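Student: I'd like a close look at a single part of this structure: a place where one helix packs against another. Please tell me slowly how such a packing is described, and then what lies around it.

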Amino acid sequence: MLAGAAASVIPFKAYAQTGGNIIQTENTLPGTTDWQLTNPSANGEIQGYAGQDSINLGEYLYVYVSTTAYMFDLEVYRLGYYQGNGASLKFYIRGIPGTDQGSWVAPNPYPTGATVITSYPDAAGNETNMVDANWGAPIVLPFDPSYVPGIYIIKLIEQDTGTQWHIPFVLRDDTAAPDIFYKLPFNTDQAYNVWGGTSAYDNFRVNPLGLNDRSSYQSFNRPYWLGFGSQHLFLWEYPMARFLEELGYNVSYTTNLAIALGETTLTNAKAVITAGHDEYVSQQERAALQSALAAGVNLAWFGANNMFWQVRHGTDSSTNVGRLLINYKQSLNQPGYVPYVDPVSDLGALGLTLSTDLWASARINYPEARLLKQSWEAVALNFNAFDFVVKHANHWMYTGTGLNEGDHIPGVIGGEVDLYDLRFLSSGQTATVVGWSPYSANDQSNRITSALIVEDSSNNTAVFDAGTFFWSVALSDFQSYVYAPPAQQTGLGGWPVIPESPALRQMTANLLSRMISGSPPSTPAMRGQRSTWHSLASRP
């Protein structure tokens, strides 16, 4: 039985009658900061994961928890702005009996637990190095249509020592017709998830952070390791949601998998956006995005290294659809790495092979630049943050910012970065570089990264690529080193401090205004500015 604070939501029709939207009404709630972790579980005291990365209104979420404690509590929050507090408590369950089903703590080569799967051959009999927690006894949580769609976070608190863990998921509304669909890049989060000892990058059984024997299958049936269960969510995905909800955009939420399965109808929206790191994209998802663009839906990536690898979703050992992420990285050229050959070569939604590899590889030959008009360039030196430099300051995207050509916005460039690639620019498309920023790459070279907008006169659409991980971070006043990767949890001198930028917020609002209204803004498009905002003065 669910206990505690039940969601109190006005019926959908009431929003239209009062002239607001569901997001504006929801964010009038006072919210709370209790969703944040104050005593993270670092030694396997409690861990958990969701049985689905997203559910539709009216469906049930299955939550799997393992703990060494006798009892634990579960709290469910919806993330947003909520007057600066960041989330609203929707319900909680106290005193759930604990069960120890196993755990994993780096750098152990294997997880503990009687049910865990650590060997999983593919169709050709080759080992995939997949790890699946395969826990049982799920807690079943109902989400009836009174709940507001969005990003939700479950906070687990074990009662022995009070340590805590996070579990993220998305609540969708598959009937929604919002201005914006915000896609959470859970594919990429899972590819980098090393829980259990392997990921698309690592294998702790052989050599920590080594290249050999990395996994070619990643299971969603396991906790996220980074961020104590939240992976990249609070690094760059949540700051974008916080910005959108603070300003009251009519936004609804989805995921890579929901788009690939056709659960989200992208043509119901005016724009589809994502933030941070959307590196792993299936052919089904890409086909849906391209079809939406052709139908007049705008696209924006407020991130970098996007749509780099083609992946597939597979069915797990319990026949749950989409719970495996498959990517063999057959063209990865690094010393010591010898990938297995993907045994699947059937054709997919775009008429291309489903064999997993770089989108730009000879095997697939469908570069991300065909859609983005940008390509991955490099990793910024030590993940440092560099200044964004204004280019074409007379472009409408700079309306109301007070910025001039060559001005700087501190700290926006970093993580991984992109550069324009106009080989596939079509008739009727106009590309404008709005950011042209120098940075130092991991190979010690000095380079340039670009932010690019492409406008298409044939259907009045725009496609934007920020070319940096940190764009969304600078839109929000939220940063917490608790959720940074372990080696970078040192604040200054580790994970970079990225200041909130009023100018970048204005630019983002201008872009979204153009995408929603169909016309470039002639006056600043920002809504609901905080009283402390000001135009960024020109810098020498």
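Tutor: What follows starts at one pair of helices, then turns to the core and to some single residues.

A word on the source: this is a predicted model, in which local features need pLDDT of at least 70 and side-chain atom pairs count only at pLDDT 80 or more, while totals for chains, interfaces and linings use all residues. Residues are numbered from 1 along each chain as its sequence is written, and side-chain values use heavy atoms, with hydrogens and water left out.

The protein chain has eight helices and 24 strands. These are DSSP runs numbered from the N terminus, with at least four residues (H or I) for a helix and at least two (E) for a strand.

Now to your pair. Two packed helices are described by the angle between their axes and the distance between the axes. Here the partners are helix H4, residues 233–246, and helix H8, residues 502–517; their axes are 12 Å apart and the packing angle is about 70°. The axes are lines fitted to C-alpha atoms over the stretch in contact, and the angle, from 0 to 180 degrees, is taken between N-to-C directions. With that angle, H4 is roughly perpendicular to H8. That label covers 65 to 115 degrees; under 35 is roughly parallel, over 145 roughly antiparallel, and the rest oblique.

The crossing of H4 past H8 is right-handed, a word used if the near helix is turned clockwise from the far one by less than a right angle. From H4, the contact uses Phe-243, Leu-244 and Glu-246, and from H8 it uses Arg-505, Thr-508, Ala-509 and Leu-512. Contact means heavy atoms within 4.5 Å. Sorted by class, the residues in the contact of H4 with H8 are four nonpolar, one polar and two charged. In this sorting, Ala, Val, Leu, Ile, Met, Phe, Trp, Tyr, Cys and Pro are nonpolar, Asp, Glu, Lys and Arg are charged, and the others, Gly among them, are polar.

Leu-244 is a good residue to follow from here. Apart from neighbours within four places in sequence, Leu-244 touches Ile-180, Tyr-182, Tyr-249, Val-251, Ile-273 and Leu-512. Leu-244 is also one of the residues with the most contacts inside the largest nonpolar core, which has 85 residues; Tyr-182, Ile-273, Phe-302, Phe-464 and Trp-471 are the others. H4 gives the most to this core: nine residues. Apart from this core lies another one, of 39 residues, with Phe-72, Phe-91, Val-131 and Phe-143 among them. A nonpolar core is a set of buried Ala, Val, Leu, Ile, Met, Phe, Trp, Tyr and Cys residues joined through side-chain atoms within 4.5 Å. In soluble globular proteins, nonpolar side chains tend to be buried together.

How does the chain look as a whole? Of its 540 residues, 61% count as buried, where buried means under 20% relative accessible area, exposed over 50%, and partly exposed in between, for a 1.4 Å probe and protein chains only. Among contacts with a separation of 6 or more, 74% join residues 24 or more positions apart.

Some single residues show these ideas at work. Ser-88, in strand S5, counts as buried because its relative accessibility is 7%. Its C-alpha atom is 5.9 Å from that of Thr-32, although the two are 56 residues apart along the chain. Contacts of Ser-88 beyond four places in sequence include Glu-26, Leu-29 and Val-76.

Asn-365 sits in the loop between strand S17 and helix H7, and it is exposed, since its relative accessible area is 54%. Leu-422 lies in the loop between strands S21 and S22; at 34% relative accessibility, Leu-422 is partly exposed. Outside its neighbours within four places, Leu-422 meets Lys-373, Ala-431 and Leu-452.

Finally, look at the backbone. The peptide bond from Ala-106 to Pro-107 is cis, with omega near 5°, and Pro-107 is in the loop between S5 and S6. Lys-329 has a positive phi, near 50°, in a residue other than glycine, and Lys-329 is buried, with a relative accessible area of 2%.
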